[in-house]
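Me: Could you take a close look at one part of this model for me, the middle of its sheet and what packs around it? Please spell out the cut-offs as you go.

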Amino acid sequence: VKSNKKMLRPKKNGAGTTGLYATTACHKTGTMIKTMMAPSLYGKSRMTDRNKRCIMMAAAVLLVGTILVIFQKSSDPAGSRSRSRQAHSDSDVTGNDDPSQPVPRTKEEVDWWKRHDVLVERVESSDAIILPTSTGNDPNENGLPQLVFLGDSITEGWEGTSFGKIPRPHRNWKKNEDQEIRNIFESHFVKGRWSRAAKPPLTLGISGDQTQHVIWRLQHGEFPSSSSRNHPIMAVVLIGTNNLGNGMLPEPTLEGIETVCRTILKQGVEHVWLSDVLPRYDTFRVQRLCPPRCHKDGTPFSSFMPAIDRVNAALPKLVDRLNMEFPSSHIAISACGHIFRPQNDTIMPDQLHPNANGYRLWANCLSEHLTNHLKTTSSSPPQ
C-alpha cells in the first residue's frame, strides 16, 4: 500500500493544539487506532474508509494467527511432551521435584521404559514360582529370604549393564568387566549359603533413578506381589545419590529415601536392608549445579561429600523410626560406603560407579552384613 502522509493543520483553541498526523498507510494502523480510541487526547478522528479497511484486515490476520497457534498446540503432542521433558529436566537440576511422590521418567526416555517393562516381567516370572504352602511355624521353612536389590545405576551394575546394555566407555570398565561383575554377584548372592533362598534374587535397578522414580516403579509392578507370597523377602535398598547429583538438598532426599522404605514395608516385607549412599567424587557435576547450588559468595561447591555425609548421618534415626512403626519387620543399615574412601580410581574409575574390584569389595561387605542380620533376626540363620 502506498504511504501518503497527509498533514492535518492543527486547529487552535483555548487549550492549544488538538490536531495530529493521520495516514492512509496500513503500517500506521497503531496511530489510527489511537486516534479512534482516544479522540479527546489525540484530536478529532478523520478516518477514511481505506483506513478502516486496513484496521479490519490487521484484526483479521491477528485472529487467524491466534487460531493457527492454538490448533498447532492441540495437534502436536510430541512437542508438548518435549516441553514437558524440558520442564522436568530443569526441575531436576534445581532440585524442585518432590522426592516423596511417585513420578516416572519422561516418555522420551525410551530406554527407561523398556527397562521398566523388563523388570516387571522379571517380577512376574518370580511370582509365578510356586512354593509349598507354609505351615506358619517357621518363617524360613521355604528357605532363606529372597533377596530383592532395588535402586539406581549402581544396583543395575550388578548385572553389568546400564539400561540393559553394556555401559558406555566413560564408566572406564575394562573388556569383559561386565561379565566379571555378574560372576561376583552370582558367587555372593546366588550360590553358597544363598542357594537356600526361597527364590532366586531379583535385581531391580535402573540407571539415573531418583527416589520418586523408584516409588513409582514400586507401585507399578516392580516388586513381588504380597497377595500370593508365602516366603520372606529381604529388600536391599540403595537410592539417593541421583537426587543429590541433580541438585536436591539432603533433607528432601532423606524424605524420599524414607518414603521408598515405607512403600516397601507397607507390603509386609520382613527385612529391609538400607545401604548408605556411596561416596562420589565427580566434582565436575557438582560445579554444574551452581547456580543455584553455590556457596554464599556465589562460587560452586567442590564436592558432593558434605551432602552425602549429611544424608548418611541421618539414616540411623530414620531406621529407628521405621522399626518402631513396623515392629513385625526388621530394618537395618548397611554401612559399606567406607570401602570407597578415600578416592580410589582402582575401584571407582569414573568417580561414581564401582568397577569389578569395587563390586567385589562391596559384595564382601554386604554379604557379611546380611548374614549377621539374619543371625539376629532368624531362628534358622544361613550356614
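Reply: Here is a walk through the central strands, then two loop residues, two helices and the core.

A word on the basis: this is a predicted model, where local features need pLDDT of at least 70, side-chain atom pairs count only at pLDDT 80 or more, and totals for chains, interfaces and linings use all residues. Residues are numbered from 1 along each chain as its sequence is written, and side-chain values use heavy atoms, with hydrogens and water left out.

The protein chain has 13 helices and nine strands (DSSP runs numbered from the N terminus: helices are H or I with at least four residues, strands are E with at least two). Of its 383 residues, 46% count as buried (under 20% relative accessible area; exposed is over 50% and partly exposed is in between, with a 1.4 Å probe and protein chains only). Contact here means heavy atoms within 4.5 Å. Among contacts between residues at least 6 apart in sequence, 74% join residues at least 24 apart.

Start with β5 (146–151), where six of the six residues are buried. Gln146, Val148 and Leu150 sit on one side and Leu147, Phe149 and Gly151 on the other, so to speak both faces are covered. Strand β5 pairs with β7 (233–238) in the parallel sense over six bridges, and with β6 (202–205), also parallel, over four bridges (two strands pair if DSSP finds at least two bridges between them). Val148 has a partner on each side: Ala235 stands opposite in β7, and Leu202 stands opposite in β6. Leu147, in turn, has Met234 as its bridge partner in β7.

Now β7 itself. Six of its six residues are buried, so the strand is largely enclosed by the rest of the structure. Ile233, Ala235 and Val237 point one way, while Met234, Val236 and Leu238 point the other way, and all are buried. That fits the usual pattern: in a regular strand the side chains alternate between the two faces of the sheet. β7 also runs parallel to β8 (residues 271–275), to which four bridges join it; there, Leu274 is the bridge partner of Val237.

Next, the loops. His231 lies in the one between α8 (211–218) and β7. With a relative accessible area of 4%, His231 is buried. Its side chain makes a polar contact of 3.0 Å with the side chain of Gln146, a residue of β5. (A polar contact is a pair of N or O atoms within 3.5 Å; within protein, one must be able to donate a hydrogen and the other to accept it, and residues adjacent in sequence count only if both atoms are side-chain atoms.) Not counting residues up to four places away in sequence, His231 touches Leu131, Gln146, Ala198, Lys199 and Glu270.

Asp209 is in the loop between β6 and α8, and is buried at a relative accessible area of 0%. Two arginines reach its side chain through theirs: Arg105 in a polar contact of 2.6 Å, and Arg217 in one of 2.8 Å. Leaving aside neighbours within four places in sequence, the contacts of Asp209 also include Trp112, Gly151, Asp152 and Asn242.

Trp112 leads us to helix α5 (residues 110–127), which has 18 residues and reaches 26 Å from its first C-alpha to its last, close to the 26 Å expected at 1.5 Å a residue (the expected span is 1.5 Å times one less than the number of residues). Its buried residues are Trp112, Trp113, Arg115, His116, Leu119, Val120, Val123 and Ser126. Seen down the axis, they fall within an arc of 160 degrees, so they line one face of α5 (the arc is that of the directions from the helix axis to the C-beta atoms). On the other side, Lys114 and Glu121 are exposed. What covers the buried residues of α5 includes β5, α6 (153–156), β6 and α8.

Helix α7 (residues 177–189) has 13 residues and spans 18 Å between its first and last C-alpha, close to the 18 Å expected at 1.5 Å a residue. Glu177, Asp178, Ile181, Ile184, Phe185, His188 and Phe189 are buried in α7. They cover an arc of only 115 degrees around the axis, which puts them on the same side of α7.

Last, the core. The largest nonpolar core has 73 residues, of which Trp158, Phe189, Val260, Ile264, Trp362 and Leu370 touch the most other members (such a core is a set of buried Ala, Val, Leu, Ile, Met, Phe, Trp, Tyr and Cys residues joined through side-chain atoms within 4.5 Å). The largest share of this core, eight residues, comes from helix α13 (residues 356–377). Leaving aside neighbours within four places in sequence, Trp158 is in contact with residues including Phe149, Ile181, Ile184, Phe185, Phe189 and Trp362. Among these, Phe149 belongs to β5, while Ile181, Ile184, Phe185 and Phe189 are buried residues of α7.
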